[in-house]
Amino acid sequence: MKASLGALLNSLPGPTSEEWPNGEPFAEAFRHGSMLVEIFAPRQQDTQTPHDQDELYIIASGTAVLNIEGIEYEASSGDVLFAAAHKRHNFEKISDDFVTWVIFWGPRGGER
């Protein structure tokens, strides 16, 4: 399987919803078993809620701060960050060019 960042970015923003009134800032690249790969490019505000699976963020461009339950991690191009399943987290101080790969995997509730 292969995904192209440029092609995925061209599909954004996605459909609007109550959670994402300006359109979804993510696009699915592919799935296999429990794994899901997406890109995520929030603009100005990240309103995501905790997820059922563990996840990795691999920063493709820009800068932000990932807040995981009150602990802040600076993030910039080339960084990788981990958020465990069910942990409250969101990006803050998001640059206009911020884009990250997101990889979800494993059982619901996360790995132990």
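**Close-up views of two pockets and a buried histidine**

**View 1. The lining of the largest pocket mixes eight nonpolar, seven polar and six charged residues.** Here Ala, Val, Leu, Ile, Met, Phe, Trp, Tyr, Cys and Pro count as nonpolar, Asp, Glu, Lys and Arg as charged, and the others, Gly among them, as polar. The model is predicted: local features need pLDDT of at least 70, side-chain atom pairs count only at pLDDT 80 or more, and totals for chains, interfaces and linings use all residues. Residues are numbered from 1 along each chain as its sequence is written, and side-chain values use heavy atoms, with hydrogens and water left out. A pocket is an open set of points on a 1 Å grid over the protein atoms alone where a 1.4 Å probe fits, with protein on both sides within 12 Å along at least five of seven lines; lining residues have an atom within 4 Å of a point. Of the 21 lining residues, L36, E38, H51, E55 and F104 lie nearest the centre. Strand β2 (DSSP E run of at least two residues, numbered from the N terminus) gives the largest share of this lining, four residues.

**View 2. The second largest pocket is lined by 15 residues.** Closest to its centre are N22, G23, P25, R43 and Q45. Its lining divides into seven nonpolar, five polar and three charged residues.

**View 3. H89 sits in strand β7, residues 89–92.** With a relative accessible area of 2%, H89 is buried (under 20%, 1.4 Å probe, protein chains only). Its side chain makes polar contacts (N or O atoms within 3.5 Å, one able to donate a hydrogen and the other to accept it; residues adjacent in sequence count only if both atoms are side-chain atoms) with the side chains of Q48 at 3.4 Å and Y57 at 3.0 Å.

Conventions
Buried means under 20% relative accessible area, exposed over 50%, partly exposed in between (1.4 Å probe, protein chains only).
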